[in-house]
Amino acid sequence: MPKRITPGQIKANNRQQIYNYIYRQRKVSQQDILYALRLSRPTVAANLTELEVDGLICKNGQIESDQIGRKAVAYSIVPDYRVAIGVEILRARVKMIAVDLYGEKLRREVVELRFAHEPTYYSRICQAINSFVDALQAPRERILGVGISAQGLASEDGRSIVYGAILGCTGLTIDVFENDIHLPCRFVHDPMGAAMSELWISPELTNAVYLSLSSHLGGAIIIGRHIMIGKHGHNSTFEHIQVRSRGELCYCGKRGCWDTLLSLQALVGEETLGAFFETMRAGDVAAIKRWNLYLKNLGQLIAALHLMNDVDFILGGHLESTSSAPSRRSTTSSASARCPPTTSPWASPCPTFMPFWMRLAWS
């Protein structure tokens, strides 16, 4: 016998529909909701009142109209009704950001703190996060939680780092942070965190390969708006595919992995990114040669991945957020031009690059 829908479920569904519509449209009138959701005026009016009393929405001016008469009251959600905190742990610093329900930046802070896998270091990070949260002047119950991005593979439940060779933090558990911050916390593999941000800000994105061009190469595969994790949590670690058996030693222990060819160290050596691109713009032959080799290797990686994943590609990471780097259009066109030519009848053409880019709020 089919289950009956109770009046309470209908009421909850109407409330959710109305809130979601206001969220998507950003600024609407009661009449807009009536037409869009085909609900009765009393139902819409009652839900608007409840949502406003609960602090989820607010009156936001009036709706502009060419019609004669009094303008309709506009409603919007309260964007900071819930706030999320993001923390990126790097070798020399910690980056923190707070975003609202639209993913808009509320606050950003960078703390210079050299990584050390020891209690004192984690205590200092927790102090910095607590100070950061307090500076938001938002009630703690409004904070959804803290997502901690680290250069390592996180467990499926986000409770531990199962492989952290770069920072030497394998086995680190989330309890170290939750016990001091007193907020829900979760580890996120850094490229997957970036891919999540792309899904959040790009509702039209369905399938793609995300490549993070940062201090180390990383990536994520998006299929059907879901990030592919894999059976053992390393579905997209193509940075450790070996392509040069006698190449440079990778931190994973093998030689000649893609990471040794496409990490920022492979590109700039001991220089900073800004200094490298300034040198290149000045016409330095060695710098131009290194940049062209980097693009060639990037093109080869993209072409290889594209044969397995016939989707669009997103390039992001610290390289793309560097203001002194060559233009994004130039980078993508150069990398695409360096994709090896294909003549096989089943081979796909060079991939296209998505018209949007990683938008890190601190870049």
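# A guided tour of a predicted model

Among contacts in the protein between residues at least 6 apart in sequence, 55% join residues at least 24 apart. Keep that in mind as you click around, and remember that this is a predicted model.

**Stop 1: the whole chain.** Show everything as a cartoon. The protein has 363 residues, and buried residues make up 45% of them. Its secondary structure comes to 11 helices and 13 strands. Now switch on the surface: the accessible area is about 19500 Å², and carbon and sulfur atoms account for 52% of it.

**Stop 2: two crossing helices.** Select residues 7-25, which form helix α1, and residues 41-53, which form helix α3. The axes of these helices come within 10 Å and cross at roughly 75°. How do α1 and α3 lie relative to each other? Angles from 65 to 115 degrees count as roughly perpendicular, and α1 and α3 are therefore roughly perpendicular to each other.

Next, show the side chains where the helices meet. On the α1 side, pick K11, N14, R15, I18, Y19 and I22. Across from them, in α3, pick T43, V44, N47, L48, E50 and L51. Sorted by class, this contact of α1 with α3 has 6 nonpolar, 3 polar and 3 charged residues.

**Stop 3: just past α1.** Select R26, in the loop between α1 and α2 (30-37). Look at its backbone: phi of R26 is near 75°, a positive value in a residue other than glycine. Is R26 buried, partly exposed or exposed? With a relative accessible area of 43%, R26 is partly exposed.

Now show what surrounds R26. Leaving aside neighbours within four places in sequence, R26 is in contact with Y75, S76 and Y102. You can also draw a distance from R26 to N60: these two are 34 residues apart in sequence, and their C-alpha atoms are 9.9 Å apart in space.

**Stop 4: the largest nonpolar core.** In soluble globular proteins, nonpolar side chains tend to be buried together. Here, the largest nonpolar core has 33 residues. Which of them touch the most other members? Select I85, V87, I89, I148 and F177 to see them.

To see where the core comes from, colour β3 (83-89), β4 (93-99), α4 (119-135), β6 (143-150), α5 (175-181) and β9 (185-189), since each of these supplies at least two residues. The largest share, 8 residues, comes from α4.

Zoom in on I85. Not counting residues up to four places away in sequence, I85 touches I97, A98, F132, V133, L136, I143, G145, V146 and G147. Apart from this core lies another one, of 28 residues. To find this other core, select L262, F277, W291 and L301, which are among its members.

**Stop 5: another positive phi.** Go to H182, in the loop between α5 and β9. H182 has a positive phi of about 60° although it is not a glycine. Is H182 buried or exposed? Its relative accessible area is 62%, so H182 is exposed.

**Stop 6: a glycine in a loop.** Select G256, which sits in the loop between β12 (226-227) and α7 (258-262). G256 is buried, with a relative accessible area of 0%. What does G256 touch? Not counting residues up to four places away in sequence, its contacts are I241, Q242, V243, R244, G247 and E248. Draw the distance to V243: the C-alpha atoms of G256 and V243 are separated by 5.6 Å, although the two are 13 residues apart along the chain.

**Stop 7: a serine between two helices.** Finish at S263, in the loop between α7 and α8 (264-268). Is S263 buried or exposed? S263 is buried, with a relative accessible area of 6%.

Show the partners of S263 as sticks. Leaving aside neighbours within four places in sequence, S263 is in contact with S214, S215, H216, L217 and Y294. For a last distance, pick S212: S263 and S212 are 51 residues apart in sequence, while their C-alpha atoms are 9.5 Å apart in space.

How values were computed:
Residues numbered from 1 in each chain as written. Predicted model: local features only at pLDDT ≥ 70, side-chain atom pairs only at ≥ 80, totals over all residues. Heavy atoms only, no water. Axes fitted to C-alpha atoms, helices over the stretch in contact; angles between N-to-C directions. Helix = DSSP H or I, 4+ residues; strand = E, 2+ residues; numbered from the N terminus. Parallel < 35°, antiparallel > 145°, perpendicular 65-115°, else oblique. Contact = heavy atoms within 4.5 Å. Nonpolar A, V, L, I, M, F, W, Y, C, P; charged D, E, K, R; others polar. Core = buried A, V, L, I, M, F, W, Y, C linked by side-chain atoms within 4.5 Å. Buried < 20%, exposed > 50% of the residue type's maximum accessible area, 1.4 Å probe, protein only. Areas by Shrake-Rupley, 256 points an atom, 1.4 Å probe, with all protein chains shown as cover.
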